[in-house]
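This report concerns a single protein model and is intended to be read alongside its sequence and coordinates. It addresses charged pairs, strand pairing and nonpolar cores in turn.

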Amino acid sequence: MSVSVENTTEERPEIPTLRFTPDLTRSIAVLVFSVLFLAIGIELVKDGVLEGLLLVVLFSLAIVACLSVILPGACFVEIDPEEITISSSFRRKVYRWDQVERIGIFEVGIIRRIGVDLNAKYPGPERVPNYMKSASGFHISLPSMSGMEPDGLLEVMQKCFDASVNRRLEPEKMQS
């Protein structure tokens, strides 16, 4: 006999969806620098200097890279009581809290970021050991975003994670 449990008083952390974006200062500076050197490269090519082609190719790629960060919606981290969404260069990955094994802060040199370990419920390739796992100790790491220091962000994420764990355990308690 199976028992269906519906929990309508589900507790969720009292936090709104948090959305963090990168600090665009560096990307805008690189974009301006790249446009300047692209123009120099174009002028060199017009004058018959073939080395100018290298400048055109190199700084055209730099402009594309900058635009993949600057354009709205290209890069962000969004955290809510249900999931973490990480978008980089318009590629979006969503990790539900029930797919998270643990979260924590790691340091590599002067870099201090938040890492996330995934459990067997996550079917994606991030669970496969990769080069980041050895350096950080986590399957994935949140990219550097402006808006909140790692300690404060970890506290918010821990509330979401704990609420998810409690939601998963509640049906088990009621069935016992």
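Which residues are linked in a network of salt bridges? The network consists of E107, R112 and D151. The model examined here is a predicted one.

## Salt bridges

Side chains of opposite charge can pair when their charged atoms come close. In this model the count comes to six salt bridges. R19 and E78 form one of them, with their closest N and O atoms 2.8 Å apart. This pair links distant parts of the chain, as R19 lies in strand β1 and E78 in strand β2 (residues 76-79), 59 residues apart. R19 counts as partly exposed because its relative accessibility is 45%, in the range between buried (under 20%) and exposed (over 50%).

A salt bridge also joins K46 to E43, where the closest N and O atoms are 3.6 Å apart. Both residues belong to helix α1 (residues 25-46); they are three residues apart, and so about one helical turn separates them. K46 is exposed, with a relative accessibility of 62%, whereas E43 is partly exposed at 41%. In a further pair, the side chains of R96 and D98 meet at 3.1 Å, N to O. R96 has a relative accessible area of 39% and is therefore partly exposed.

## The four-stranded sheet

Strands of a sheet pair through backbone hydrogen bonds, either parallel or antiparallel. Here, four strands form an open sheet in the order β1-β2-β3-β4, and their pairing is antiparallel. Why is one side of β1 and of β4 left without a neighbour in the sheet? Strands β1 (18-20) and β4 (91-96) stand at the edges and each has a single partner strand, so one side of each has no neighbour in the sheet. On average, neighbouring strands of this sheet are turned by 10° against each other, direction ignored.

Four bridges connect β2 and β3 in the antiparallel sense. Among these contacts, F76 has S87 of β3 as its bridge partner. The two strands are joined by a hairpin through three residues.

Strand β3 (residues 83-88) also pairs with β4, in the antiparallel sense and over six bridges. T85 has V94 of β4 as its bridge partner, and I84 is matched with Y95 in that strand. The hairpin formed by β3 and β4 has two residues between the strands, and S89 in the turn has a positive phi of about 50°.

## Nonpolar cores

The largest nonpolar core contains 25 residues. Those with the most contacts inside this core are I79, W97, I103, V116, L142 and M157. Two or more residues each are given to the core by β1, β2, β3, β5 (100-108), β6 (111-118) and α4 (150-175). The largest share, six residues, comes from α4.

Which residues are in contact with V116, leaving aside its neighbours within four places in sequence? They are I84, V100, R102, I103, F138, H139, I140, L142 and M157. A second core, separate from the largest one, has six residues, including L31, L38, F59 and A62.

Conventions:
Residues are numbered from 1 along each chain as its sequence is written. This is a predicted model: local features need pLDDT of at least 70, side-chain atom pairs count only at pLDDT 80 or more; totals for chains, interfaces and linings use all residues. Side-chain values use heavy atoms; hydrogens and water are left out. Two strands pair if DSSP finds at least two bridges between them. Axes are lines fitted to C-alpha atoms, for helices over the stretch in contact, and angles run from 0 to 180 degrees between N-to-C directions. A salt bridge is a side-chain nitrogen of Lys or Arg within 4 Å of a carboxyl oxygen of Asp or Glu. Buried means under 20% relative accessible area, exposed over 50%, partly exposed in between (1.4 Å probe, protein chains only). A nonpolar core is a set of buried Ala, Val, Leu, Ile, Met, Phe, Trp, Tyr and Cys residues joined through side-chain atoms within 4.5 Å. Contact means heavy atoms within 4.5 Å.
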